[in-house]
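Here are some exercises to work through with the viewer open. Try each task before you read its solution.

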Amino acid sequence: MPDNKKYVELLWAEKYDRYEKGEKKPIEKPNLPFQVVETVNKPRIRGGYTISLFPEDEYPANYSKDWKNLLIWGDNKLVMSSLIKQGSAGKINLIYIDPPFLTGADFTIRTKLGNEQIEKEPSIIEERAYKDTWSGGIASYLRYMYERLVLMRELLAENGSIYVHLDWHVGHYVKVMMDEIFGAENFLNEIIWWYKAGAVADKSFGRKHDIILRFAKDSSLTTFNPDAIRIPYEESTIERLKYAGARERDIQKVLDRGGKVPTDVWDIGIVQGNSDEFLAFQTQKPEALLERIILASSDPGDIVADFFCGSGTTLAVAEKLGRRWIGSDLSKFAIQVTRKRLLDIHNSKDLTERQNG
């Protein structure tokens, strides 16, 4: 146990099973070979043709032409430990995860096929993972998250950061846990993702937001690009400047900034059923949310990872913005949805030029 009297940690049942003679036992890191099922060298565009993400002379400086993006089916604890053993420790610049929220939900996938609502029952592997994650209630959930967050920290580059997407169920527990793993001094933001839809309650205030915890590997080195995520000023802002007597050249200086840097409260709509990006995937997150995160905390050519990739939003946006990526999920259905989504990207080059030009 640390001697620092200011040290605080979260305790749960069986946490100290990881101690031996007063010292923490390292998390086991098996090195399992990845079985290559398919290699896709170029994204598909409309009409069935293929096109490179970048012309040969326009690759970002740190985007290796030999790099292969990875979409991996499997338990992310085993995936991450194998990546570490195979040389990826300290190489990932940005991790975003949207893990389970301790709602007790199982691995049943509810989606639509045409106009028909269908349910995909969990596999034997998913059933086992469900029992390991939830059978002991909050204690087993915290153990599950702790082991994975420790591995994620090891995978992060020194300038890297991690965004963990949660809600009111466990956000407060995971914040304290991440203070222990990453250091409270490396906590950067608690982002509030506010959305208009949903939340009707009779006996409480309606819940209309999630939280996203942002931590750095080293807060003095972490990548942050505020100019890449500026929001255009509202007309009322300019009118207020004029009303206050600001000179035209001063107003123009404000306009030249390109907008304001977002605060830690984000008003980004959920994916609606009539949206072009709607996949009828229960936990799907909007591309605009991941676009802001990826632009803010990575540079073109950096490696972005999502180890609970779900419908593949993180990977799709990373692809469009010229980042390298690694994604994994235990659900084979999620992997299939993500694979199709990535193959159907047809405007990645246009989006890259728009964001970086």
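**Exercise 1.** Is Val304 buried or exposed?

*Solution.* Some ground rules come first. This is a predicted model, so local features need pLDDT of at least 70 and side-chain atom pairs count only at pLDDT 80 or more, while totals for chains, interfaces and linings use all residues. Residues are numbered from 1 along each chain as its sequence is written, and side-chain values use heavy atoms, with hydrogens and water left out.

Step 1: get the cut-offs. Buried means under 20% relative accessible area, exposed means over 50%, and partly exposed is in between (1.4 Å probe, protein chains only).

Step 2: apply them. Val304 has a relative accessible area of 1%, so Val304 is buried.

Step 3: look at what surrounds Val304. Its contacts (heavy atoms within 4.5 Å) include Leu94, Ile294, Thr314, Trp325 and Ile326, leaving out residues up to four places away in sequence. Take Ile326: 22 residues separate it from Val304 in sequence, yet the C-alpha atoms are 6.4 Å apart.

Step 4: zoom out to the strand. Val304 belongs to strand β11 (residues 303-306); strands (E, at least two residues) and helices (H or I, at least four) are DSSP runs, numbered from the N terminus. β11 is covered on both faces: Ile303 and Ala305 are buried on one side, Val304 and Asp306 on the other.

**Exercise 2.** Work out the strand order of the open sheet, then place β11 among its partners.

*Solution.* Step 1: two strands pair if DSSP finds at least two bridges between them. That gives an open sheet of eight strands with mixed pairing, in the order β3-β12-β11-β4-β7-β9-β8-β10.

Step 2: find the edges. β3 (70-73) and β10 (265-267) each pair on one side only. From one strand to the next, the twist averages 15°.

Step 3: check the β11 pairings. With β4, the strand pairs in the parallel sense over two bridges, and Ile95 stands opposite Ala305. With β12, β11 is again parallel, over four bridges; here Ala305 has Ile326 as its bridge partner.

Step 4: compare with β7 (residues 156-166), which pairs with β9 in the antiparallel sense over six bridges. Leu166 stands opposite Ile211 in β9.

Step 5: add the helices. Helix α3 (residues 138-155) packs on the sheet, touching β4 (92-97) and β7, and its direction makes about 150° with that of β7. Helix α9 (residues 332-343) lies across β3 and β12 (324-329), at about 160° to β3. These angles run from 0 to 180 degrees between N-to-C directions, with axes fitted as lines to C-alpha atoms (for helices, over the stretch in contact).

**Exercise 3.** Classify the ring pair of Phe187 and Phe215.

*Solution.* Step 1: rings of Phe, Tyr and Trp (its six-membered ring) pair if their centres lie within 6.5 Å; planes under 30 degrees apart are stacked, over 60 edge-to-face, and the rest tilted. The rule yields six aromatic pairs.

Step 2: the centres of Phe187 and Phe215 are 5.1 Å apart with planes at 55°, so this pair is tilted.

Step 3: Phe187 sits in strand β8 (residues 187-194) and Phe215 in strand β9 (residues 209-216), 28 residues apart. Phe187 is partly exposed at 28% relative accessibility, whereas Phe215 is buried at 0%.

Step 4: follow the ring pairs, and Phe182, Phe187 and Phe215 come out as a cluster.

**Exercise 4.** Find which parts of the chain the salt bridge between Lys217 and Glu158 ties together.

*Solution.* Step 1: a salt bridge needs a side-chain nitrogen of Lys or Arg within 4 Å of a carboxyl oxygen of Asp or Glu. The count comes to 14.

Step 2: Lys217 and Glu158 qualify at 3.6 Å, N to O. Lys217 lies in the loop between β9 and α5 (235-243) and Glu158 in strand β7, so the bridge ties together parts 59 residues apart in sequence.

Step 3: check burial. Lys217 is buried at 10% relative accessible area, while Glu158 is partly exposed at 45%.

Step 4: try Lys320 and Glu287, whose closest N and O atoms are 3.0 Å apart. Lys320 is in helix α8 (residues 313-320) and Glu287 in helix α7 (residues 287-297), 33 residues apart. Lys320 is buried at 11%, and Glu287 is buried at 13%.
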